[in-house]
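Reader: I'm new to this one and would like to go through it slowly. Could you put it up so that we can talk it over?

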Amino acid sequence: MKRRNFIRSLSLGGSAIAAAPASITSVIPAAHHPKKAVLEQSADIVVAGGGMGGCAAALAALRNGFRVIMTEETDWIGGQLTQQGLSCPDEHPWIESFGATRLYRDLRTAIREYYIRYYPLTESARANKHLNPGTGSVSRLCHEPRVALAVLNSMLAPYLGSGKLTLLLQHKIVSADTDGDRVKALKARSSQTGNEMILRAPYFIDATELGELLPLTKTEYVTGSESKKETRELHASEKADPTNNQAFTCCFAMDYLPGENHIIDKPAGYDHWCNLIPDLTPSWPGKLLSLSYSTPSTLQPKALGFDPTGKPTGETLNLWNYRRIADANNFSPAFYAGDISIVNWPQNDYFSHNIIDVNEKDFHHFIDQGKQLSLSLFYWLQTAAPRPDGGLGWPGLRLRGDIVGTTDGLAKYPYIRESRRIKAVFTVLEEHVGKENRILAAGKKAANRATDFFDSVGIGYYHIDLHPSTGGNNYIDFASLPFQIPLGALLPRRMQNLIPANKNIGTTHITNGCYRLHPVEWNIGEAAGLLITYVLGKKLSPHAVRDKRDLLEGFQQFIRAQGIATHWPDEILKS
């Protein structure tokens, strides 16, 4: 098979079980009536969730010689970068040179190299060291989700071939077996066959999008917004509300074919969404489906533009260019029929209902409502959005489900901004990373420096960005500082062999707003994987590493040698 075809086959998602397991036994249920045998697999680490944190955790363990089982609920690994449609990663200004793990930078480099090797780029695009295939304004690396998927699959391929990795796609963890403060096993169920599998390991990583192992393993956790009395945070709510979580978004891809008509059937929920004025505090400036929104940092009304030809829209942001993942000008003439843009906008944020700790029926119902919102937005763009010439609608807009790997045109999984969060040994508060709160807590000398955590296992940066929430809050958006990831935020207070690796670490509703982005989630996952490899190799416990300074220093040297920075350089902090 040619290399090009091999890589393409990887990008299509692979089979439901993508490798022979390292260890399989057949456990026959004791019941007398006939049942399917339950397979049992074992490894050194079980990673639940194949998103960015899960992939990073798995790769960290695999490159150090450990065996990993990784489950993924969908048929695509990659989380927000692929299955959720956010292939225009939210990053910081220094990302090309610093502020991410070496492995994350390798991922970014490999995405660019994939385009150079397989796509018919123009000479100027090919020569661009910092190629941005979509030239979207939100990110320095806007690209197709399938490219990231192909690269991630190629990074895992050697370990699949060696049998070190067992990848269970379209498998969801449905229950857990615990003994006191330890997890003994997880049960995974195939969404395709209904078959179940028992997964055993000394350590487990929860890299699911919603922290789904926490209730299953009875790990203590929090949800929603904490009160100001509880956290002393400047921007916290006066009253705690565990159901107050940030909006999720059902993203989609679209292109534009002038002169053609691709108008979809009117969505069932269109009339509701078309007329909805969000009930938020402070108030939203008008109807949700419109070219205006609340400026996140000031909450003042702000006009937006939309022109799928890519032309400037005066002084307003042209939403078409915002998350454009394919700019036809970067490729040979006529290679693309037109540009391709991802829609993750304020207008398709779903904040009508909380989806955490609700029953399964309600969960799927609310996700379906989120999909109806996104389809209604697309239909509105096709039929009712104001055009620069005074007309209404862009009939040539085409839903591109093929770009996100679905038949309904929407991403495989909603973009999740907020999860269950462990009750951690240490919780990151706004006073540690928020610029204004940091000054109040530590004085003006701390104006450019977040708290220096003694147990740092990584770094990140993004402003604190909370989208409208299910409790009725409008945007909460304000400056943060380049921060560190403390090991204490990865350690549950009680459970000894379960480590979080997604948005489920020890943050608050407020600080989650800067720890939830692509490179930070990757760093969290990689640090989690390396923590477990370190304690397995030295026969320690994760909590002991933080409790004993010599062990902590040894672990920090270990992760720095593997490409994880634990501190920001002074030249960046002073800038």
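Reader: What radius of gyration does the protein have, and what would a compact globule with 575 residues have?
Author: This is a predicted model, and in it the protein has a radius of gyration of 23 Å, which agrees with the value near 25 Å for a compact globule of 575 residues. Along the principal axes, its C-alpha atoms fill a box of roughly 70 × 60 × 55 Å.

Reader: And how many helices and strands are there?
Author: There are 18 helices and 24 strands, and buried residues make up 59% of the 575 residues.

Reader: Switching topic, what is the mean pLDDT?
Author: The mean is 94, and 94% of the residues reach 70 or more. Over residues 1-34, however, the pLDDT is below 50, although this stretch has 67 contacts in the model beyond near neighbours in sequence. Where pLDDT is low, the predicted coordinates should not be read in detail.

Reader: OK, backbone next: which peptide bond is cis?
Author: The bond from Thr281 to Pro282 is cis, with omega near -15°, and Pro282 sits in the loop between α8 (270-275) and β13 (292-294).

Reader: What about Lys218, what is its phi?
Author: Lys218 is not a glycine, yet its phi is positive, at about 60°. Its place is in the loop between α6 (213-216) and β10 (221-222).

Reader: Is Lys218 buried or exposed there?
Author: Lys218 counts as exposed because its relative accessibility is 59%, which is over the 50% cut-off.

Reader: And where does Asp357 lie?
Author: Asp357 lies in the loop between β17 (349-350) and α10 (360-383). Asp357 also has a positive phi of about 60°, and with a relative accessible area of 42% it is partly exposed.

Technical notes. Residues are numbered from 1 along each chain as its sequence is written. This is a predicted model: local features need pLDDT of at least 70, side-chain atom pairs count only at pLDDT 80 or more; totals for chains, interfaces and linings use all residues. Side-chain values use heavy atoms; hydrogens and water are left out. Helices (H or I, at least four residues) and strands (E, at least two) are DSSP runs, numbered from the N terminus. The radius of gyration is taken over C-alpha atoms; the globule rule is 2.2 Å times the number of residues to the power 0.38. Buried means under 20% relative accessible area, exposed over 50%, partly exposed in between (1.4 Å probe, protein chains only). pLDDT is the predictor's confidence in each residue, from 0 to 100. Contact means heavy atoms within 4.5 Å.
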